Structures are given as structure tokens and as C-alpha cells.
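Here are some notes for a colleague who is opening this structure for the first time. They are best read with the model on screen, one point at a time.

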Amino acid sequence: MQELIKHALPRDIPLNQAIVQELEAGNWGGFLAAQQVARLCLDFTLEPWQLAIHLLPIAACYSHTAVSHFNVGAVAIGQKGDFYFGANQEFANVEIQQTIHAEQSAISHAWLRGETQIAHVVVNYTPCGHCRQFMNELQGAEELQIHLPHRLNSPLHHYLPDSFGPKDLDITAHLLAKEEHHLIADHSDELINQAILAANQSHCPYSESPHGIAMLFKNGEIITGRYAENAAFNPSLPALQTALNFAYLNDKTLTDIQRIVMVEKPVKLSHKSMAEKLLQALSLPVLEYVEV
């Protein structure tokens, strides 16, 4: 990732040098804290949206596009000014529905870092209908602003007029809001406990079927993922995707994964078989499955 980023922008430009220094300080993870953003904006007389647009080629470096070979970068800006990178993630030899779009990538990245509301989404190509619907699930979707290099400050409803979403189904819990499914993490295996905690924070108001993923890396680090469900169903993002996406965006090596646990409460649906197929395609450890 380090070399990809260094080649994404000419290094003889002082702004690019400063960006590389900030990312290097964060071990090449696709994240800039609000303080880093403010410092870059002050030093180079930029508005945050201008910096985010400048960062899009770097965000696109985090893409994995085995199918399309077409890289998309995105930056989700949290309410307090944190920048969360996103990029499209594709997986060969499985259903195309397993793909993660760049906007989904940035938003789920923010969610797993504890963000509770996205104020802006900056992306290098116009959001597709899938992503517009996914963003409509967000807490604060009414205020969400979309920025493209050729069109700035457009509210989400500009791209999704006469929309259908959680409110049409009398759902009050929105994606990124705090949720609780009353799952108890009291297992003797800490990795299973982490998967339970992830499942407990799932957004699944339509199926009421939470699930979470926990991945153990060789260095002892654990990365988790949780389910993000959508009123239109198809834009939903399974927990394995959010975990893999987080690993990619934080420059983790998937071959360093030693164990993968899924905890699921399959009330109306199950993601077990799809997760198993994806892990097999990626030559990753066999899924350890726990039903609660």
C-alpha cells in the first residue's frame, strides 16, 4: 500500500508530501483524524471538501478490483471532521452481489471506527442507485451532502428523489445509530465474544437476524465486522464484507488471518453459506460458526 499511495500523486508537490507523512504516521491506514485534516487545510489553505477531493486517487489505491479493474475512491466525512477512506472491493469466483461499493466501504469503515453520523460523502464518480439507497439508510440522511469533482454540495435527495427508506416502514433505528440486540458475550473463547459483540451492534431492523464476524491475525490483533441491513434489502452489507473491507483499508494482510468466527442469530435469514463461499474463494481459514 505504501508504494501504491506514493505513486498515486506526484511527490514533488508539498501537499502530497504532507499527506504521505500523515498516512505514514497512521501506518498507511485509510483514515485521517479531524486534527490532521484541520492541520492540512490550514497549512495549504484548503476547505475540507477540497482536501477530500484531492485524496480520492489515494483512496482508490485501497481498491481490489479483480472483476472490473475499475478503481473507485471515496471519503466519508464524519460530523466532527474525521476522514474515512473507502474503495470498491471485488471478489472473483463468487456471486457479484458480494461486491462492496466505494461509498459502502467508506461508510462501513466509519461505522467500525465508532462514527455515529456522516456529514459528507466525497466520491470520484457519481453514486450508483445501489449506493444512493445504501446512504438513505443512514442516520442523518436528510442532511447528507454528496460531493463529486464536477458537482459539489448536492444533498442526497438530489440523487434519490421520492425515496423509499426506513421511515416508510416505520423503522426508527438508522444505520450508524447505537443498537442493541441483547446478545451476551460470556463465552470462554475471546474471539467468539468479539463476534458476539459485533453481532450485537448489527443494523438489521427488517430481518431481526443479527450477525457479526471476528478475525484473529497472527500478531494477536482482532478485527470485527457487523451486518448493515437496508430497507431495499439488496444494498445490505454482510458482516464478513465489513470486516474484510476494514482490513483492506487498514493495510492488513489477509494471509495473516488465523481464525474467523461468525456469530449469528438466524431468525429470518442466514449469511453462513455465502460467507463460507467467499472465504473459500479467498483461500482464508474455514469459518467457525456459532448460532445464538
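1. In this predicted model, E103 has a relative accessible area of 5% and is therefore buried, since buried means under 20%. The residue is found in helix α5, and the UniProt annotation "active site", which comes from an unreviewed entry, covers E103. Leaving aside neighbours within four places in sequence, E103 is in contact with A74, V121, V123, Y125, P127, C131 and M135.

2. The helix that carries E103 is best viewed together with the sheet beside it. Helix α5 spans residues 102-112 and packs on a sheet, where it touches β1, β2, β3 and β4, the last of these being residues 118-123. The direction of helix α5 makes about 140° with that of β3.

3. That sheet is an open one, made of six strands in the order β1-β3-β2-β4-β5-β6, and its pairing is mixed. At its edges stand β1 (31-32) and β6 (151-155), each of which has a single partner strand, so one side of each is left without a neighbour in the sheet.

4. Within the six-stranded sheet, strand β2 (residues 73-78) and strand β3 (residues 83-87) run antiparallel and are joined by five bridges. A74 stands opposite G86 in β3, and A74 is also one of the residues in contact with E103.

5. A second annotated stretch deserves attention: the UniProt annotation "binding site", again from an unreviewed entry, covers N88, Q89 and E90. Both N88 and Q89 lie in the loop between β3 and α5. Are these two loop residues buried or exposed? N88 counts as buried at 7% relative accessibility, and Q89 is likewise buried, with a relative accessible area of 0%.

6. The surroundings of N88 can be traced residue by residue. Not counting residues up to four places away in sequence, N88 touches S63, H64, T65, S68, F70, N71, V72, I100, H101 and A102. With S63, the side chain of N88 makes a side-chain to side-chain polar contact of 2.7 Å.

7. For Q89, with neighbours within four places in sequence again left aside, the contacts are Y62, S63, H64, T99, I100, S105, N245 and Y248. A polar atom of the Q89 side chain lies 3.1 Å from the backbone oxygen of Y62. S63 is among the residues in contact with Q89, and S63 is also among those touched by N88.

8. A further sheet should be examined separately. This open sheet has four strands in the order β8-β7-β9-β10, with mixed pairing. Its edges are formed by β8 (222-226) and β10 (287-291), and because each has a single partner strand, one side of each is left without a neighbour in the sheet. Neighbouring strands of this sheet are turned against each other by 20° on average, direction ignored.

9. In the four-stranded sheet, strand β7 (residues 211-217) runs antiparallel to strand β9 (residues 257-264), and seven bridges join the two. Which residue in β9 is the bridge partner of G212? That partner is V263.

10. A helix also accompanies this sheet: helix α8, residues 190-200, lies across β7, β8, β9 and β10. Helix α8 runs at about 145° to β7.

Terms used: Residues are numbered from 1 along each chain as its sequence is written. This is a predicted model: local features need pLDDT of at least 70, side-chain atom pairs count only at pLDDT 80 or more; totals for chains, interfaces and linings use all residues. Side-chain values use heavy atoms; hydrogens and water are left out. Two strands pair if DSSP finds at least two bridges between them. Axes are lines fitted to C-alpha atoms, for helices over the stretch in contact, and angles run from 0 to 180 degrees between N-to-C directions. Contact means heavy atoms within 4.5 Å. UniProt positions are given in the numbering used here, feature names are shortened, and annotations may be inferred rather than shown by experiment. Buried means under 20% relative accessible area, exposed over 50%, partly exposed in between (1.4 Å probe, protein chains only). A polar contact is a pair of N or O atoms within 3.5 Å; within protein, one must be able to donate a hydrogen and the other to accept it, and residues adjacent in sequence count only if both atoms are side-chain atoms.
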